[in-house]
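Hi,

Here is the structure I promised to pass on. Have a look at it first, and then read on for what turned up when I went through it.

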Amino acid sequence: MLYSSTSRLTTHVPLEKAVLKGLADDGGLYMPASVPVLPPAFLESLHQLSLQEIAYTVASAFLQEDVPAQVLKSLVEEVLNFEIPLVKVEKDIYSLELFHGPTMAFKDVGARFMSRLMAYFTRGKNEALKVIVATSGDTGSAVAAGFHQVQGIQVYILYPKGKVSPLQQKQLTTWGDNITAIEVEGTFDDCQRLAKQALADQELNQRHLLTSANSINIARLIPQSFYYFYAYGQLQQQDKPIVFSVPSGNFGNLTGGLLAAAMGLPVHRFIAATNANDVVPQYLQTGVYAPKPSVQTISNAMDVGSPSNYARMEALFSGELEQFRRRIAGYTFTDEETQKTIREVYQRNGYLLDPHGAVAFSGARKLLSQTKEPTIAVFLETAHPAKFREVMEDTLGEAIAIPAKLQRFAEKQEHIVPMQNSFEELKSILSEV
Ligand SMILES: *Cc1c(COP(=O)(O)O)cnc(C)c1O
């Protein structure tokens with residue numbers, strides 16, 4: 001299968017090139033040139049299939065010409081070696097818990113898939129692949145965990161100084177080996193701009209084999225469609241329309257859902273649930289797409305003012321506002337509303353939402369309150385609440401338990417490379433390490 005750029009200025013490329021380049025030469029993002037449609041028999045039998053079985057079938061539809069079946073099968077099984085439970089929180093609202101991977105955030109799914117695919121495509125090469133990733137918190141740790149000690153790959157993580165939680169920082173900076181954590185004097189948008197600039201820089205590209213591990217990489221997007229099928233399968237026998245509420249920042253997770261829908265999954269609608277970084281809900285409301293600087297919130301992994309996957313959504317909807325509106329409802333919530341939701345759901349349902357999942361829960365509840373037809377809402381619970389301990393304890397006024405998986409990071413030594421918001425400085429770091 002071939003992949004095309006959302007900017008449509010370059011020719012289509014094979015998967016290997018799309019995965020190793022990350023960003024297309026024309027600055028666009030790669031998308032499948034045509035989205036494969038899955039047979040109705042598969043979609044009707046989802047409830048009888050395991051997560052791994054579903055993931056393998058969906059992955060094959062994209063990758064079968066590029067990766068041998070046996071390799072892909074064991075890759076999928078290795079990537080998804082943890083559960084993604086669907087938990088009922090209240091009537092007609094379910095939590096899809098995407099945080100049971102090694103770093104306890106949903107980005108584990110995409111990062112693990114991508115790291116193994118990159119390792120497959122670079123097997124036997126004698127030059128190291130340099131992977132650059134900008135992170136507002138969870139991406140970097142998931143990518144680091146996915147790539148740690150993978151032979152032939154060097155990883156550079158750019159994160160905004162003082163804008164990730166203490167535990168998130170530990171999860172970025174304590175790996176060592178082939179993982180370099182770069183602390184940038186700037187915002188997440190600065191980090192993302194620097195990463196994009198490096199990937200587009202001719203001189204750097206002549207000297208090194210460079211690639212990106214951001215949600216812009218197609219190898220992260222594809223696996224983010226798997227769990228929509230899985231969740232849908234568990235609810236399909238209730239015979240009600242199913243909506244997915246996605247807590248969104250760069251919109252990679254939501255775009256994974258749109259991909260699933262384009263492959264034939266009959267999702268009734270999606271909810272783009274955001275914090276104060278509300279460019280997409282604003283676009284849906286006003287018809288004007290106006291990226292702006294990001295603002296800091298308590299759901300910091302969603303603090304994105306200029307979501308890169310907007311280009312992919314636009315491509316999927318042929319740039320038509322009416323299609324966008326039909327498929328996606330946009331809601332935005334303040335930090336106060338999010339904290340209120342966390343308290344309410346904890347007290348009433350005994351379920352602990354993290355600040356990101358709480359935004360998605362709020363979106364699910366809002367849509368259901370405006371819908372007359374019986375509808376089931378699944379919200380994506382994208383991180384374990386303990387990753388945001390300070391916010392959670394401040395919100396609840398009580399201590400929360402920290403899982404051993406996270407506690408381990410807190411005890412390790414940090415290794416930080418400090419950097420100004422400067423491309424020249426990034427260039428020299430990339431050449432030195
Ligand atoms: C990255 C992240 C998000 C946002 O996902 P996007 O794909 O960037 O929209 C939401 N919640 C958590 C916990 C995240 O780490």
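Let me start with one side chain. A polar atom of the Asn178 side chain lies 3.1 Å from the backbone oxygen of Phe147. A polar atom of that side chain also lies 2.9 Å from the backbone nitrogen of Gln149. Before going further, please keep in mind that this is a predicted model.

Where does Asn178 lie? You'll find Asn178 in the loop between α7 (166-173) and β8 (179-184). Asn178 counts as buried because its relative accessible area is 8%, and the cut-off for buried is under 20%. Leaving aside residues up to four places away in sequence, Asn178 touches Phe147, His148, Gln149, Val150, Ile153, Gln154 and Val155.

Gln149, one of those partners, has its own place in a loop, between α6 (138-147) and β7 (153-160). Is Gln149 buried or exposed? Its relative accessibility is 56%, so Gln149 counts as exposed, while its partner Asn178 is buried. The backbone of Gln149 deserves a look too: phi is near 65 degrees, a positive value in a residue other than glycine.

Asp92 is another residue to check for its backbone. Phi of Asp92 is near 65 degrees, again positive in a residue that isn't glycine. Asp92 sits in the loop between β4 (86-90) and β5 (93-97). With a relative accessibility of 12%, Asp92 counts as buried.

Next, a proline. Pro281 belongs to helix α13, which covers residues 279-286. Why does Pro281 count as buried? The reason is its relative accessible area of 6%, set against a cut-off of under 20%. Which residues does Pro281 touch, not counting those up to four places away in sequence? They are Ala272, Thr274, Gly330, Tyr331 and Thr332. Take Gly330 from that list: Pro281 and Gly330 are 49 residues apart along the chain, yet their C-alpha atoms are separated by 4.2 Å.

Then there's helix α12, residues 252-262. How many of its 11 residues are buried? The count is 10, so the helix is mostly covered. The buried ones are Gly252, Asn253, Leu254, Thr255, Gly256, Gly257, Leu258, Leu259, Ala260 and Ala261. After α12 comes Gly264, which has a positive phi near 120 degrees.

Now for the whole protein. It has 20 helices and 14 strands. Along the principal axes, the C-alpha atoms fill a box of roughly 60 × 50 × 40 Å. The radius of gyration is 20 Å, which agrees with the value near 22 Å that a compact globule of 433 residues would have.

Burial isn't limited to the places above: buried residues make up 61% of the 433 residues. Among contacts with a separation of 6 or more, 75% are between residues 24 or more positions apart, and the pair of Pro281 and Gly330 gives you one example of residues that touch at 49 residues apart.

As for the outside, the protein exposes about 16300 Å², and carbon and sulfur atoms supply 49% of that. On the charge side, there are 38 positive and 45 negative side chains. The centres of these two sets lie 2 Å apart.

If you want a place to begin in the viewer, try Asn178 with its contacts to Phe147 and Gln149, then move on to Pro281 and Gly330.

Best wishes

Technical notes:
Residues numbered from 1 in each chain as written. Predicted model: local features only at pLDDT ≥ 70, side-chain atom pairs only at ≥ 80, totals over all residues. Heavy atoms only, no water. Helix = DSSP H or I, 4+ residues; strand = E, 2+ residues; numbered from the N terminus. Rg over C-alpha atoms; globule rule 2.2 N^0.38 Å. Buried < 20%, exposed > 50% of the residue type's maximum accessible area, 1.4 Å probe, protein only. Contact = heavy atoms within 4.5 Å. Areas by Shrake-Rupley, 256 points an atom, 1.4 Å probe, with all protein chains shown as cover. Lys, Arg positive; Asp, Glu negative; His and termini not counted. Charge placed at Lys NZ, Arg CZ, Asp CG, Glu CD. Polar contact = N/O pair within 3.5 Å; in protein donor to acceptor, adjacent residues only side chain to side chain.
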